[in-house]
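Student: Could you walk me through a protein model, one question at a time? I would like to learn how to reason from what I see.

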Amino acid sequence: MDVIGKSIVRKEAQDKVTGRAKYTHDYHSGAMLSGKIVISPYGHAKIMKIDTTEARKMSGVRAILAGEHFPLTGEDIRDRPPLAVDKVRYHGEAVALVVADTPAQAKKAADRIKIQYELLPVVHSPTQAFQKDAPLVHERLGEYTKENATPVPGTNIATHIKIRKGNMEKGWAESVTTVEADFSFAPSDHAAMETRCSTAEILPDGTIKIMTSSQAPFMVKQLIASYFNEDIGKIIVETPLVGGAFGGKASVQLEILAYLGSKAVGGLPVKILNTREEDILTSPCHIGLDAKIKFGADRQGKIKIANIRYLWDGGAYSDKAIDLTRAGAVDCTGPYNIENLWCDSYCMYTNHPYASPFRGFSHSELSFAIERTMDLLAEKLQIDPLELRLRNAIKQGDTTPTRVLLNKSNVGNLQKCIERLRELIRWDEGQMEEINDRFIRVKGISCSWKTSTIEPNASSGVILIFNRDGSINVMSGVVEIGTGTKTVLAQILAERLQMDVDKIHVRMEVDTQTTPEHWKTVASRGIYMAGRALLKAADDVINQLKEMASIVLRAPKEDLKVAESRVFLRDNPAIGLDFADICYGYQYPNGNSIGGQIIGKGNFILRHLSFLDPETGAGKPGPEWTVAAYGVEVEFDRRDYTYRLVKAVTVVDIGTVLNKKAALGQVMGAMSMGLAFAGRETFYFDKYGRVLNPQLRTYRPLRYGENPEYLVDFVLTPDLEAPYGARGVGEHGVLGMPAALGNALSVASGVSLHRLPLIPELIWKTKGGSGNATV
């Protein structure tokens, strides 16, 4: 292949490095008003009174929205008011919206709104929420409109996903050893460089124009129409470049408030831009989890049975947490063949910020619990942790928890990933190395797998439009969120047409009125879905080029070949036509013309996906599973329990490498996120449910200079259904980092660590430094 696999520079690179790239906040008209959200200072409280009298008198104020009953929003359960009414359910919940001429005026007026609260008992964790006597976050749960969810009225359960496979009695009977452990971590933030921003304007003819920093502009269009009974054809959503998202911009929130703000001021344009603190507090967060894992195994370490309970911290509203709960259920065992399985995955309401997807879509979270349990099992059986994983690794011929039969194409080769990991991390040289009396170096490993649990009817479309010089414009609804996906689409097209990739132009902006729909830019599905649609559009273009050329060249289509921006005879390439000669039709010497501009189209919809059986979980939730193996090496200080990240390794079965540097960058960036989530990122809450660290000074991702050496390698087992065999890889560097770090530090410290983040204080407390080993 001439283009696939090459490290092509991103199409938008020059604009980004020179500062010319424009994001949502960079678009501002002179008439644009500013919206400012007033947020709840408590996790759970009744709203006793809202006094906007003083605020309405402030200069520049156009409208104040507060205390109004707008339609409830939410994807699977409509449980979230756009602005809180009657009570607030999380610290940061939007209670009022001020629209004013300038940002300063909007903030000044917002600060003058007086709200009286009466505190209510706070639900601090999904485990507490699961208790029968827990305070109810939603007292009227049974009255909400729902779809694809099973809420339990009178409880805090938003949905319950069951996975039942095999025979539990048989599994326990075949087991000679069991391990059981609990794991937990609190919600955290996505910390994307660009904070969320949305604008809305309602034109005199009723057209609603929204510009938003979103991973799902077509979902914004669909939901705004559904929530507010608007004509979907009159809703236009534009998304320019997005400055990082990591799943956090897949939910629809600020778009709703901007729309309501514009409606309140007669349709004038209104912009809402989160400050960093607001982005952390009021917008959706990274989900938390309390997990209970129990494995039974034989003497050789073959896992015979698993009993798993996941309590997901969906926060105050269900939104995307129900999808996350389902995704955690379908891959609940990690990448291991376990024939007897009982799993309950619950989406729980708590008084925390509500959850949205986070890079990996609940898989780094469940992998931490599963992979730490694997190390506990290895320790109990005195089996090498790497060998234990090899013995249980999922492979072709096995079935998933939802009973999908696996083959070489749809699961790849985990064993090969593990063996390559062994080499890269030098596992056979030993897991622990003494440096001196104080410092040791220790390695930990883990594995992961992931399918994309998405709607069975998710689709993607691509349009190809020729320019007169024979170059091509690519139109796709994929959002460029920093992944380089649209550059890879150009590579796929260049490969298919055997033309210069520099003659392919990709539109970066998405406009739902003119861009073909792409479901959402999430779940590592951009290339898989849009790539398939692109190949179909390319075939359409090839057919049209050949049809036109066959007339001019007086040769049958089957005798023609397309390459090098030409159509020519297979047996005599000298006889042919340039794209520029025929892409806008062909003109004969006498002026007669035929044809017209060539426009190619293609679409793709996932096939053979199904809903899950509500009692057994049987079904096909995704098209394929990507597998990977991971290692982390740390230098541990036995005196004060601090540690330094030395090395991190990821080996992914990527199928085919489409863009080498882009793939390496994706995986390394994901590994950095995974280590930050594992080692430091979390929300700290007080007794009122308030987030105590809503700033980057106190919420600490990895800083420059704190990253380890990253080693990334790929196994190449093509997925026959994917473009050129390429598997999704955008999320997979994250998935195994928390568990690998947890396994390394557990060995280094001599205690089993079951909570995240893995800070020195946690290790000290777990070892008994505070007399409390449950921290």
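Tutor: Gladly! Let us start with one side chain in this predicted model: that of Arg 326 reaches a backbone oxygen, and the residue carrying this oxygen is Asn 148, at 2.9 Å.

Student: Where is Arg 326 placed, and is Arg 326 buried or exposed?

Tutor: Look for helix H9, which spans residues 321–330, and you will find Arg 326 there. A residue counts as buried under 20% relative accessible area. Arg 326 has a value of 17%, so Arg 326 is buried.

Student: Which residues does Arg 326 touch, not counting residues up to four places away in sequence?

Tutor: Asn 148 is one of them, and we have already met this residue through its backbone oxygen. Leaving out residues up to four places away in sequence, the contacts of Arg 326 are Asn 148, Ile 161, Thr 453 and Leu 612.

Student: How many salt bridges does the structure hold?

Tutor: Here is the idea behind them: side chains of opposite charge can pair when their charged atoms come close. For the whole structure, the number of salt bridges is 46.

Student: How far apart along the chain are Arg 164 and Asp 344?

Tutor: These two residues form a salt bridge, with their closest N and O atoms 2.8 Å apart. Arg 164 sits in strand E7 (residues 157–165) and Asp 344 in strand E16 (residues 340–349). The pair therefore links distant parts of the chain, and the separation is 180 residues.

Student: Why do Arg 164 and Asp 344 count as buried?

Tutor: The cut-off to use is under 20% relative accessible area. Both residues count as buried because Arg 164 has 14% and Asp 344 has 11%.

Student: Arg 420 and Glu 423 form a salt bridge too; what separates them in helix H13?

Tutor: In this salt bridge, the closest N and O atoms are 2.7 Å apart. Helix H13 covers residues 414–424, and the two residues are three apart within this helix, so their separation is about one helical turn.

Student: Is Arg 690 buried or partly exposed, and what about Asp 686?

Tutor: They are salt-bridge partners, with the closest N and O atoms 2.7 Å apart. Buried means under 20%, and partly exposed lies between that and 50%. Arg 690, at 28%, is therefore partly exposed, whereas Asp 686, at 17%, is buried.

Student: Which residues are joined into one network by salt bridges that share partners?

Tutor: Our starting residue, Arg 326, comes back here as one of the members. The network is made of Glu 75, Lys 320, Asp 323, Arg 326 and Lys 520.

Student: Let us turn to a sheet. Which strands are at the edges of the open sheet of four strands?

Tutor: The strand order is E22-E21-E20-E29, with mixed pairing. An edge strand pairs on one side only, and this describes E22 (504–506) and E29 (599–605).

Student: How many bridges join strand E20 to strand E21?

Tutor: E20 covers residues 459–466 and E21 covers residues 472–476, and the two run antiparallel. One bridge partnership is that of Ile 465 with Asn 473 in E21. The number of bridges between these strands is five.

Student: Which helix packs on the sheet?

Tutor: This helix touches E20, E21 and E29, and its direction makes about 145° with that of E29. The helix spans residues 526–553, and its name is H15.

Technical notes
Residues are numbered from 1 along each chain as its sequence is written. This is a predicted model: local features need pLDDT of at least 70, side-chain atom pairs count only at pLDDT 80 or more; totals for chains, interfaces and linings use all residues. Side-chain values use heavy atoms; hydrogens and water are left out. Buried means under 20% relative accessible area, exposed over 50%, partly exposed in between (1.4 Å probe, protein chains only). A polar contact is a pair of N or O atoms within 3.5 Å; within protein, one must be able to donate a hydrogen and the other to accept it, and residues adjacent in sequence count only if both atoms are side-chain atoms. Contact means heavy atoms within 4.5 Å. Two strands pair if DSSP finds at least two bridges between them. Axes are lines fitted to C-alpha atoms, for helices over the stretch in contact, and angles run from 0 to 180 degrees between N-to-C directions. A salt bridge is a side-chain nitrogen of Lys or Arg within 4 Å of a carboxyl oxygen of Asp or Glu.
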